[in-house]
Amino acid sequence: MALGEDKSRRSKRKTREPEGETRPAFSDAVNLVLASDEEGGGDEHQDADTDSEVEDFPEIDTGTDSGVGSEESEEDEEDEEDEDEDEDQDTEEDPGSDSAIYIFPKAKSTVSNITGRPKRVYPEIEPDYNSDSSTEDDPNRIGNVPLHWYDDLPHIGYDINGKRVLRPAKGDELDKFLETVEDPASWTSAFDKNMQMNKPLSAEELDIIRRLRLGENPDAGYDPYEPTVEWFTGKGKQEVMPLSAAPEPKRRWLPSKWEKQKIMKIVRAIRQGRIVGSKPKTADNTPQFYAIWNEATSVQPPPLPAPKPPLPTHAESYNPPEEYLPTEAERKEWENAEPEDRERDFIPQKYSALRLVPGYDQFIKERFNRQLDLYLAPRVQRKKLNIDPNSLLPKLPSPSSLRPFPTYQSLKVIQSRSRVRCVSVSPDGAWVASGDESGVVYLWEVIVGHEVKRWTLDSKIGAIEWCPRTDISYFVASVEDKLHFIVPPNLPSATLLSTQNALTSAPAPPTASPIKWASTSRVEHGVILTITLPATSGLPKQITWHRKGDYLASVSSSESQVWIHQVSRRHSQAPFKKIKGTIQLVLFHPVKPQFFVATQRYVRLYDLMQQKLLKTLMPGIKWISSMDIHPSGDHIIVGGYDRKLCWFDLELSEKPYKVLRYHSRAIRSLHFHPTYPLFASSSDDGSIQVFHSRVYNDLMTDPLIVPLKILRGHDVSDGLGVLQVRWVNKQPWLVSAGADGKVVVWCSS
């Protein structure tokens, strides 16, 4: 049947083609260009020969086919005839009409010089860019790389020659707005990142965008209401499937021999007794017994035993002593009280015999409450640890093995009825200078307590500090807005000459400063130099020296302003223009060019050479009152008004290494001994705590801090105790100044 259909198709196609013109079907399909007459004539002869050589297939008798097959063949022939008619209509259309679409170049009809038959000649293909789009040069050929790599660069990639492809210039938002005003079609374009330019969108793309915005299907040719294709129902389609119309195989209705073999194998096993079926269960009403204790032991711990109820006391006796019986007032008070507030749940009663005791009306309620306690309250079995409390204390050396340290009061100097705010010891350890709130500065000897001289200044004394240099001798006392340099009497001539040269022969300051340096004429009274601070500075509450004795720093009380003064150049400067918090204390590092600044809550460490912040220490104190640094420069102690004393290791952490709480009131002063491993702290409770503080060179060994002695010799006046303590440089002696107007020297035994 198929051969007959093929023959009929060829005969129809031959009748439709004109006899005088042969259409090259292959050249029309692939757009082959016939460049010469010889090539064209040869092809026509070859086609004619091949057509003449084809033999007709013998016709097949269609009578043996079923009716269904004949119907199908008739339908196919009708479809083919319809297709041929459509093709004829397409060929008969006018080539100049609008409906004709010419994809390929138009051909010219000429007569071959060789065969004399008409033929079609197509124009030659010019090798330009319009012929093949694959040869067009992409203006932005940078490769398939992410363009966001070049967001911060002036170029957008590299071309095939390795040269940079510069980013095209872009206008601002105003230029873009003007373009949209001038060009009405600018809104129908989109920016192409690869081409780096705006490309107009076609009508089809705009229609797709419109459909997406409206929530419709982007395909314009999609019809959601098209008729359903009946694949399994309908006339002549009962056996026609979309995938295959092959008839059902024979194995569908024949039993499988492999399944038969498996079934026979199981049957043989049952006959041989290798497979035994389950026996039917018989109804057995006889009870079955089993041992409940044969179960495996549980891995869970056994339940804790219930706590035993307390044993009865004398008050619960039926015949208690008279002192356990309540009075009438106590009985009324017990009855009026809430059940939760009663000391006992019953009232003691007295009976002469046990047989007269009635039933306890609260028995059931008490038992019920006990069951609730056992059920709801969790129980934990606590093991009692037999630990000696003394073993928990750290093993510290005996204080007697850590001598020398001050143990007794050797000397007491009563200066005045006013408070002695400050005290300082000379570098050689022979003299002590102290100042009180009445504005009097006292100078006396450490050993005998003999007063050598006193100076009366303008106002109360805020701070006193000796110069650390040993070749000269003078100290600085601070009053309201001033610093006085005082030279003690009875100095050797060489020391006095060096002191006067150091304080009087300094050049004038190079730049203008609000700080005024002035040499006074009262040299015979001891005040040889005066520094006048700004008028709003107030009373300097602290003076600290650099270890070389040329720089000193002062902290004013009113504005918390820090000033650093250089004696040799008579120059003063403020190291901080602005700092967070109120400055309380400052210190120079004993070894490095570093500067400590303590505010109310923090201690900041600055580098004077690099002028930057190095570290911020957080002692956790609400208000810092005192501070001192170890002579090695690696440790610092900070005290506060909340009775805490914090020890910091500058090499470890910003948090305190150890916090000590030995004082009952605010800490006022701290001081390290310059040579001995000792430091002392004074408080408003009137006591002085002396500690042993040994620092090892080995960084792996922690410092040894041992409390040694509590010194009591000052009276508390108006809530203030010992205001300042200072060590004697060459001896393990301590000098303290209190609010009771006394200066005490503590010596070692």
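1. A helix or a strand here is a DSSP run, helices having at least four residues and strands at least two, and the runs are numbered from the N terminus. The model is predicted. With those names, P404 can be placed in the loop between α10 (389-392) and β7 (406-414). The peptide bond that joins R403 and P404 is cis, with omega at about 10°. Most peptide bonds are trans.

2. Some totals for the protein chain follow. Its secondary structure comes to eleven helices and 35 strands. The chain has 749 residues, and 30% of them count as buried. About 51,800 Å² of the chain is exposed, and carbon and sulfur atoms supply 53% of that area. Take the contacts between residues at least 6 apart in sequence: 49% of these join residues at least 24 apart.

3. One sheet can be followed strand by strand. Four strands form an open sheet, in the order β17-β18-β19-β20, and the pairing is antiparallel. Its edge strands are β17 (540-545) and β20 (571-573), each of which pairs on one side only. On average, neighbouring strands of this sheet are turned by 20° against each other, direction ignored. Strands of a sheet pair through backbone hydrogen bonds.

4. Within that sheet, β18 (residues 551-556) pairs with β19 (residues 562-566) over five bridges, in the antiparallel sense. Which residue of β19 is the bridge partner of V555? The partner is V562.

5. Two residues stand out for their backbone angles. N490 is not a glycine, yet has a positive phi of about 60°. D718 is not a glycine either, and has a positive phi of about 55°. Most residues other than glycine have a negative phi. N490 is found in the loop between β14 (482-486) and α11 (493-504), while D718 lies in the loop between β32 (704-712) and β33 (722-727).

6. Are N490 and D718 buried or exposed? N490 counts as exposed because its relative accessibility is 69%, where exposed means over 50%. D718 counts as exposed as well, at 64% relative accessibility.

7. A nonpolar patch lies on the surface, formed by L174, F177, L178 and V181, with about 400 Å² of accessible area together. L174 is found in helix α5 (residues 173-182). The relative accessible area of L174 is 52%, so L174 is exposed.

8. Side chains of opposite charge can pair when their charged atoms come close. How many salt bridges are there? The count comes to 13. One of them joins the side chains of K199 and D192, at 3.5 Å from N to O. K199 is partly exposed because its relative accessible area is 37%; D192 is partly exposed at 22%.

9. E248 and R252 also form a salt bridge, with their closest N and O atoms 3.7 Å apart. Both of these residues, E248 and R252, are exposed.

10. In the salt bridge between E451 and R454, the closest N and O atoms are 2.7 Å apart. E451 has a relative accessible area of 33%, so E451 is partly exposed. R454 counts as partly exposed at 45% relative accessibility. Elsewhere, D207, R210, R211 and E216 are joined into one network by salt bridges that share partners.

Technical notes. Residues numbered from 1 in each chain as written. Predicted model: local features only at pLDDT ≥ 70, side-chain atom pairs only at ≥ 80, totals over all residues. Heavy atoms only, no water. Patch = residues over 30% accessible without salt bridge, like charges linked within 9 Å, V, L, I, M, F, W, Y side chains within 5 Å. Areas by Shrake-Rupley, 256 points an atom, 1.4 Å probe, with all protein chains shown as cover. Salt bridge = Lys/Arg side-chain N within 4 Å of Asp/Glu carboxyl O. Buried < 20%, exposed > 50% of the residue type's maximum accessible area, 1.4 Å probe, protein only. Pairing = 2+ DSSP bridges. Axes fitted to C-alpha atoms, helices over the stretch in contact; angles between N-to-C directions. Contact = heavy atoms within 4.5 Å.
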